[in-house]
Amino acid sequence: MYTQMVDAPEPGEGARDERERAFEEKLERGVTIESTDWMPDAYRKTLTRQISQHAHSEIVGMLPEGNWITRAPSLERKAILLAKVQDEAGHGLYLYSAAETLGTSRDDLVDALLSGRAKYSSIFNYPTLTWADVGAIGWLVDGAAIINQIPLTRCSYGPYARAMVRICKEESFHQRQGFDVMKTLCEGTPQQRAMAQDALDRWWWPSIMMFGPPDAASPNSATSMRWKIKLFSNDALRQKFVDQTVPQADALGLRVPDPALRWNAERGSYDFGEPDWNEFYEVVRGNGPCNRERLGARVRAHEEGAWVREAALAHAAKRAAKRAAA
Amino acid sequence: MSEANAAAGRWPLWEVFVRSGSGLAHKHVGSLHAADAAMALQHARDVYTRRNEGTSIWVVESRNVVASEPADREMLFEPAESKTFRQPTYFTVPEGVKHL
């Protein structure tokens with residue numbers, strides 16, 4: 001998902017002290033944890049990683065779509081895409097604010113991204129080669145995000161859950177605008193249909209990988225589940241995504257590029273193939289098609305914006321001094 | 001705090017309150033960083049009111065918010081829980097008696 005490979009460490013049963021047991025008992029009762037409440041260090045650390053990684057994903061996620069703002073096919077599409085990319089910036093900000101309540105400064109969070117210490121979702125390391133990719137991202141990537149994020153509106157940490165409520169409301173617009181781009185292409189010329197199919201072919205597997213490694217390869221998610229900062233397993237969410245998306249592809253008249261895909265009447269779900277997990281781990285390790293370009297763009301934006309941040313502070317200090325003197 | 005922020009080149013943190021419609025109270029919606037009050041208002045408008053969420057915004061620098069301590073929760077709020085006679089439902093009303 002937007003937060004891949006973040007799983008809490010599994011503590012030994014004996015390692016839990018009285019406060020930790022009281023904390024977990026609170027979670028069991030469904031009590032929401034707020035920033036000033038006592039929490040185990042590992043909970044704080046895991047959540048800081050999870051929320052900030054989610055924030056980084058929103059911010060880096062502006063880049064692939066931003067690539068098409070100047071070349072959107074109409075003024076209306078351009079206005080819609082601008083609004084969408086602006087939402088992603090907003091999502092990043094809600095999430096950074098939520099992460100900061102855990103005691104790490106915004107600067108430290110951003111520095112972790114820019115220095116390469118922090119991760120962001122693997123999906124944003126793929127290029128947007130055609131306008132149809134903008135449609136595929138809204139439809140598939142934001143569709144996957146909704147599936148992951150709706151449960152998080154009920155997660156145990158208040159500031160994160162509240163940020164998710166706002167974000168989920170806005171994601172629906174993103175998914176629909178993406179589907180609408182795809183639909184328009186699919187109703188167009190044979191070349192436009194081919195563009196839509198090509199985008200689905202390239203974005204399907206990276207979207208499937210967004211949910212993270214198979215459950216068998218995520219041995220640490222038990223703690224995250226107990227702490228209610230992860231509510232469903234990677235595989236359960238992935239299945240939900242496939243079940244929801246395949247009929248949408250059918251409605252568009254597009255073919256999902258998975259030869260193993262078939263309806264399983266017994267399970268009432270689709271069976272589907274395995275993505276190339278080696279590719280996933282390579283992208284997570286920094287060797288995807290656009291990792292260097294994405295991080296480079298963020299570093300450049302941060303450095304080139306430094307004078308603005310400094311000037312704004314200097315201006316504020318000068319005005320404050322003037323007010324004090326008056 | 002804000003002096004330390006300025007020295008470190010950091011924009012201070014502000015809390016944002018939005019009135020969602022006429023007749024309603026301002027409600028806390030989140031926080032953001034800004035160099036000064038005018039910028040905080042501008043950012044609040046961009047970040048928190050893109051979809052008709054508000055008709056008015058308050059911003060206050062976070063360091064100026066005085067909050068109760070979580071450890072004092074029981075001392076502060078338990079008395080309200082144990083004084084159920086403050087609720088109208090504490091009293092039984094005889095059947096047939098109206099407008100009570």
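**Group meeting: aromatic pairs, core and a surface patch**

Okay, let's start with Tyr281(A), which is partly exposed, at 25% relative accessible area. Keep in mind that this is a predicted model.

Right beside that tyrosine in the chain is Phe280(A), and the two make an edge-to-face aromatic pair, 5.2 Å centre to centre with 70° between the planes. So is Phe280(A) buried or exposed? Buried, because its relative accessibility is 0% and the cut-off for buried is under 20%.

Now, over all chains there are 13 aromatic pairs. Another one is Phe23(A) with Trp38(A): ring centres 6.2 Å apart, planes at 80°, so again we call that edge-to-face. That pair bridges distant parts of the chain, with Phe23(A) in helix α1 and Trp38(A) in the loop between α1 and α2, 15 residues apart. Phe23(A) is buried at 2%, while Trp38(A), at 34%, is partly exposed. And they have company: ring pairs join both of them with Tyr43(A) and Trp227(A) in a cluster.

Tyr43(A) brings us to the core. The largest nonpolar core has 95 residues, and Tyr43(A) is among those with the most contacts inside it, as are Trp203(A) and Trp204(A). Helix α6 of chain A, residues 131-152, gives the largest share, 12 residues. What does Trp203(A) contact, leaving aside its neighbours within four places in sequence? Its partners include Ile123(A), Pro127(A), Ala136(A) and Leu140(A).

Last stop, chain B. On the surface, Met75(B), Leu76(B) and Phe77(B) form a nonpolar patch with about 320 Å² of accessible area together. Leu76(B) sits in helix α3, residues 73-82, and is partly exposed at 40%.

Note on methods: Residues numbered from 1 in each chain as written. Chains lettered and ligands numbered in written order. Predicted model: local features only at pLDDT ≥ 70, side-chain atom pairs only at ≥ 80, totals over all residues. Heavy atoms only, no water. Core = buried A, V, L, I, M, F, W, Y, C linked by side-chain atoms within 4.5 Å. Buried < 20%, exposed > 50% of the residue type's maximum accessible area, 1.4 Å probe, protein only. Helix = DSSP H or I, 4+ residues; strand = E, 2+ residues; numbered from the N terminus. Contact = heavy atoms within 4.5 Å. Patch = residues over 30% accessible without salt bridge, like charges linked within 9 Å, V, L, I, M, F, W, Y side chains within 5 Å. Areas by Shrake-Rupley, 256 points an atom, 1.4 Å probe, with all protein chains shown as cover. Salt bridge = Lys/Arg side-chain N within 4 Å of Asp/Glu carboxyl O. Phe/Tyr/Trp six-rings, centres within 6.5 Å; stacked < 30°, edge-to-face > 60°.
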